[in-house]
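User: Hey, I've never looked at this one before. Can you walk me through it?

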Amino acid sequence: MKKEIRIPILGVIEESETLNGNERYFLDHYPHGEGVYLVKTGSCFMELRDVRIRNEKTPDDRIKCDFAIYPIRSSAVVEEIKKEHEATLKDYIEECCVKILTSVNANRDDVRNVDEKMSALIKQLTSDTTCLKEVLNSIKEDGVASGNGISEKTLLGALEIVTKRQ
């Protein structure tokens with residue numbers, strides 16, 4: 001009885017048969033970091049490569065890695081594995097888009113409320129500024145700002161006299 005085994009594959013790597021053997025021992029060769037990759041070399045050889053970080057850096061800051069190789073029998077349908085991986089990735093991207101849109105729509109009302117409150121505040125500030133300008137112009141025209149009004153010292157003295165009388 002054949003048993004189906006499903007292995008989560010991070011990506012598919014197609015290597016040239018002329019690839020320098022050292023390149024595959026660096027993490028930057030594997031676009032999604034540690035994990036299992038389907039590796040195709042030319043048109044005749046396929047393998048699963050389980051990549052793990054070695055925690056060792058080179059002088060040029062490249063991270064070294066180790067990997068275990070699991071050859072795939074020629075009877076395996078590698079293109080189906082690749083399509084399934086791409087379909088899983090597509091589903092994941094669509095799921096993320098749905099989450100983002102849901103979040104945006106959920107917060108849209110909050111954004112509208114903030115926008116309405118900010119508009120009301122801006123109108124109030126504009127009105128207050130206009131009133132303040134009118135008051136300042138009125139004071140200037142009435143002569144208080146020109147030095148023709150009563151001084152603070154005189155006003156305080158008058159208030160003191162008025163309060164003592166009562």
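User: How do strands S1 and S2 pair, parallel or antiparallel?
Analyst: They pair in the parallel sense, over five bridges. This is a predicted model, by the way. S1 covers residues 11-15, and S2 covers residues 35-41.

User: Which residues sit across from each other there? What is the bridge partner of Gly11 in S2, say?
Analyst: Gly11 has Tyr37 as its bridge partner in S2. For Ile13, the partner in S2 is Val39.

User: And what does Val39 stand opposite in S3?
Analyst: That's Glu47. S2 and S3 (residues 45-57) run antiparallel, with seven bridges joining them.

User: OK, in what order do the strands sit in the sheet?
Analyst: The order is S1-S2-S3-S4, in an open sheet of four strands with mixed pairing. S1 and S4 (63-71) are the edge strands, each pairing on one side only. On average, neighbouring strands of this sheet are turned by 35° against each other, direction ignored.

User: What holds strands together in a sheet anyway?
Analyst: In general, strands of a sheet pair through backbone hydrogen bonds, either parallel or antiparallel.

User: Back to S2. How many of its residues are buried?
Analyst: Seven of its seven residues are buried. As for the chain, buried residues make up 19% of its 166 residues.

User: Changing topic: what else is in the chain besides strands?
Analyst: There are two helices alongside the four strands. Going from the N terminus, the elements run β-β-β-β-α-α. Helix H1 spans residues 78-142, and helix H2 spans residues 152-165.

User: Where is there a nonpolar patch on the surface?
Analyst: One is formed by Val114, Met118, Leu121, Ile122 and Leu125, with about 470 Å² of accessible area together. Val114 from that group lies in helix H1.

User: Last thing: where is confidence lowest, and where is it highest?
Analyst: It's lowest in helix H2, at a mean pLDDT of 72, and highest in S4, at 88. The chain averages a pLDDT of 77, and 81% of the residues score at least 70.

User: What should I do with spots where pLDDT is low?
Analyst: Where pLDDT is low, the predicted coordinates should not be read in detail.

Notes: Residues are numbered from 1 along each chain as its sequence is written. This is a predicted model: local features need pLDDT of at least 70, side-chain atom pairs count only at pLDDT 80 or more; totals for chains, interfaces and linings use all residues. Side-chain values use heavy atoms; hydrogens and water are left out. Patches are made of residues with over 30% relative accessible area and no salt bridge: like charges are joined within 9 Å, nonpolar side chains (Val, Leu, Ile, Met, Phe, Trp, Tyr) within 5 Å. Accessible areas come from the Shrake-Rupley method with a 1.4 Å probe; for residues, only the protein chains shown count as cover. A salt bridge is a side-chain nitrogen of Lys or Arg within 4 Å of a carboxyl oxygen of Asp or Glu. Buried means under 20% relative accessible area, exposed over 50%, partly exposed in between (1.4 Å probe, protein chains only). Two strands pair if DSSP finds at least two bridges between them. Axes are lines fitted to C-alpha atoms, for helices over the stretch in contact, and angles run from 0 to 180 degrees between N-to-C directions. pLDDT is the predictor's confidence in each residue, from 0 to 100.
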